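User: I'm new to this one and would like to learn how to read it. Could you take me through it step by step?

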Amino acid sequence: MKQMQEKKDDFQSRKELCLSKRDRSSAGRIDPKAVEICAAINERKEYYTTSSCAGRCFLYSGDGVKAHHHFVVKNETKEEETFGYNNNNDNENDNNNNFEISKNGDPMNDNIIHHNEAEIFRQPSGLGFFHRFRVNHDVIRDEIRYFDLNTLDPDREDSFDPSGGGDPVRTVAQYDYKQNLLPPNNDNHENDDAASGGIIHGPFEVIQQNNPEKFKCIPQQPIWLRFEPFILHVMCRSLSAAQALMNAARPAFKNVGLTSWKHGFGRYIVAIWGDEGLDLPLTTPNQTMKCIYQGQETWLKDLLNERHFRNWKKIERFVQAVRVMPQHVDDDDDDDDDDDDDDDDDATTTFQEDDNDNENSVIVPKRFDVVGDIAILHSIPEDKQIYNNLFEMGNMLLKRNKHIKVVVVRSNNLTGTERSPGEEGMKIIAGVQRSPLITSHMEYGIKCVVDLNHTFFSPRMGPERLRICQQVARGERILALFCGVGMDAMQIVSRTEATVLAIELNPIAHQCALRGLRMLAHNKAVKCPNAVERLSFLHGDALEIMSGLEPKSFDRILAPRPKEGNMDGDLGMGDAGVEFLRALLPLMKDQGECHWYDFAADWEFPDCNRTKRTIEGVCKEFGMQMEVIHVAKVGSVAKRQLRVCMDFRVRVP
């Protein structure tokens with residue numbers, strides 16, 4: 001039994017480590033159409049996703065093998081030619097424009113020569129060549145512009161348009177080349193870079209593939225059109241869990257298989273990929289810039305869009321199959337593993353007997369939260385026997401966990417807009433006396449400061465904060481409302497190259513956020529540069545501050561509004577936060593995304609039509625259209641009452 005639990009703990013640790021890593025794909029985030037399936041899989045304790053693509057179309061030249069990024073260069077010291085190798089396949093985010101050239105085309109050779117792009121000839125190397133452009137994860141809307149190959153010629157500066165519109169969704173792959181490419185607050189960036197290809201140095205370098213200098217280095221070869229279908233790789237905890245996932249995927253996707261496994265170590269990788277592929281030549285070897293399908297652009301668009309729609313339908317079927325999977329799919333799973341009661345607001349603590357004590361049976365809490373070095377029991381037990389042993393129980397928790405210094409029990413429910421227990425709301429039952437109860441809490445390597453008496457913070461929201469980070473792309477400008485102690489905002493700037501403005505009304509939570517920001521400046525776990533400079537905290541009422549912000553200025557808005565007591569939920573008579581929606585929607589850019597938190601009964605999930613109707617009604621007031629991307633279960637606030645997050649995208653007129 002102990003070995004089984006260690007195996008589960010090891011898998012959980014690897015899951016958290018994998019999901020917390022910085023996204024190094026060219027998009028910098030999960031594709032919008034893959035958000036729901038990745039969330040549905042990652043919500044289950046037996047799985048986590050390692051890579052995904054929702055399906056995409058693009059143009060390319062070369063042999064079509066993504067690993068072949070070779071060019072012919074002129075050797076500075078010898079007459080013979082040297083083959084260049086660029087192993088930066090998907091992540092075109094280097095801060096310089098030099099390739100590392102290895103003699104004899106060997107990328108492992110230590111004898112490296114540095115060459116500038118201008119020295120690269122426009123002939124194939126013979127070792128293989130591949131360059132893609134106009135990557136698009138959505139349907140083609142402007143086929144004339146997308147299939148106009150004359151705009152790929154960098155010598156035509158007046159019409160050069162390598163993105164062809166790119167993705168209609170701004171936060172995926174390429175930005176539209178004809179739009180303003182510089183991020184906000186770009187005083188330190190060179191304007192010449194955007195004018196000559198959209199290279200933005202520093203953390204916002206997201207569209208190097210639009211650089212005319214790069215296109216001058218591309219060998220003149222026929223241009224092809226490709227559609228790549230959905231693909232997903234999932235790590236599974238056991239062989240039986242892998243089998244259950246493959247059974248759920250096969251009705252939608254025929255190409256499903258186990259690609260790697262280490263029996264007994266919880267390392268089983270399942271690959272799932274679609275069959276809607278397409279490879280079509282658009283030009284001939286003799287005329288590499290003239291499309292052979294001129295006048296048939298609408299037909300080409302329909303070929304791609306039909307594949308997108310079929311691909312998305314299969315993903316939806318897969319999502320439904322995952323949601324109806326049995327709760328336990330591991331052979332060695334048990335019903336007591338991970339109680340599904342995820343209460344994090346007005347939670348109650350349940351107790352059970354501990355069999356580890358050979359002499360006496362000790363009553364221990366079945367579940368409790370740990371924030372920093374403080375263990376929290378969420379309610380005073382009603383059973384008198386348990387209550388009488390409460391202090392003994394606290395000392396036992398201190399003895400078993402050396403990292404815990406204080407054990408407290410919450411004596412009242414969370415009320416008011418601050419959702420904090422107050423001075424008398426936390427009772428210390430073991431450990432050092434501390435007033436107020438302030439601690440520093442670490443989550444995925446990022447620290448924040450928490451005052452448990454006067455602020456609301458839940459460590460159980462950690463996976464939700466990570467889920468939001470995975471949807472943020474490079475260069476986004478984000479508004480984080482009701483930010484509390486600032487963990488959401490600090491996670492985003494630490495893991496992505498986004499700029500965040502965070503607002504909080506509670507003055508104590510605001511001070512905690514500022515202290516956390518100072519710690520962030522010295523945190524070596526932060527991999528993204530200039531994290532502190534890209535984060536700003538404002539203290540005040542969110543409605544008042546939003547009224548003074550520039551309209552259509554944010555790519556993403558986080559709105560984890562607090563619960564308004566009995567006014568919220570399926571039986572509540574409140575306005576469901578309509579006033580906040582009316583204030584935040586005008587601030588969103590076209591194709592901007594919002595993470596709107598609401599409260600629903602368990603029978604309303606996952607459709608949450610009541611929440612959707614509320615958002616749609618406010619969007620219509622502004623002439624906007626909305627599209628639901630995903631509805632996530634964030635936690636429970638009471639029996640059969642859930643906190644949910646509806647991710648939606650808006651179309652701004």
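Analyst: Let's start with a term we'll need for helix pairs: a crossing is called left-handed if the near helix is turned anticlockwise from the far one by less than a right angle, and right-handed if it is turned clockwise. Keep in mind too that this is a predicted model.

User: Okay. Which handedness does the crossing of helix 10 and helix 11 have?

Analyst: Helix 10 passes helix 11 in a right-handed crossing. The two pack at an angle of about 40°, and their axes are 9 Å apart. That makes helix 10 oblique to helix 11.

User: Which residues of helix 10 and helix 11 make the contact?

Analyst: From helix 10 come R465, L466, I468 and C469, and from helix 11 come M487, D488, Q491, I492 and R495. Sorted by class, the residues of this contact of helix 10 with helix 11 are five nonpolar, one polar and three charged.

User: What describes two packed helices in general?

Analyst: Two things: the angle between their axes and the distance between the axes. Try it on helix 2 (residues 35-42) and helix 7 (residues 297-323), which pack at about 15° with axes 9 Å apart. Angles under 35 degrees count as roughly parallel, and helix 2 and helix 7 are therefore roughly parallel to each other. Helix 2 passes helix 7 in a left-handed crossing.

User: Which residues of helix 2 and helix 7 are in that contact?

Analyst: Helix 2 brings E36, I37, A40 and I41, while helix 7 brings I315, F318, V319, V322 and R323. By class, the contact of helix 2 with helix 7 has seven nonpolar and two charged residues, and no polar ones.

User: At what angle do the axes of helix 6 and helix 7 cross?

Analyst: At roughly 140°, and the axes come within 8 Å. That makes helix 6 oblique to helix 7. Their crossing is right-handed. The contact is made by L245, A248 and A249 of helix 6 with F318, A321 and V322 of helix 7. For this contact of helix 6 with helix 7, the classes are six nonpolar, no polar and no charged.

User: How do I read burial, and how many residues of helix 6 are buried?

Analyst: The idea is that a residue is buried if its relative accessible area is under 20%. Eight of the eleven residues of helix 6 (residues 239-249) are buried, so helix 6 is largely enclosed by the rest of the structure. The buried ones are S240, A241, A242, A244, L245, M246, A248 and A249. What covers them includes helix 2, helix 7 and strands 1, 9, 10 and 11.

User: Let's try a single residue. Where is the place of N453, and is N453 buried or exposed?

Analyst: N453 sits in the loop between strand 20 (446-451) and helix 10 (462-469). N453 is buried, with a relative accessible area of 3%. A polar atom of the N453 side chain lies 2.9 Å from the backbone nitrogen of L437. Leaving aside neighbours within four places in sequence, N453 is in contact with S420, P421, G422, E423, M426, P436 and L437.

User: And what about the protein as a whole: how many helices and strands are there?

Analyst: The protein has 15 helices and 27 strands. Of its 653 residues, 55% count as buried. To read contacts along the chain, look at pairs at least 6 apart in sequence: 70% of those contacts join residues at least 24 apart.

Terms used
Residues numbered from 1 in each chain as written. Predicted model: local features only at pLDDT ≥ 70, side-chain atom pairs only at ≥ 80, totals over all residues. Heavy atoms only, no water. Axes fitted to C-alpha atoms, helices over the stretch in contact; angles between N-to-C directions. Helix = DSSP H or I, 4+ residues; strand = E, 2+ residues; numbered from the N terminus. Parallel < 35°, antiparallel > 145°, perpendicular 65-115°, else oblique. Contact = heavy atoms within 4.5 Å. Nonpolar A, V, L, I, M, F, W, Y, C, P; charged D, E, K, R; others polar. Buried < 20%, exposed > 50% of the residue type's maximum accessible area, 1.4 Å probe, protein only. Polar contact = N/O pair within 3.5 Å; in protein donor to acceptor, adjacent residues only side chain to side chain.
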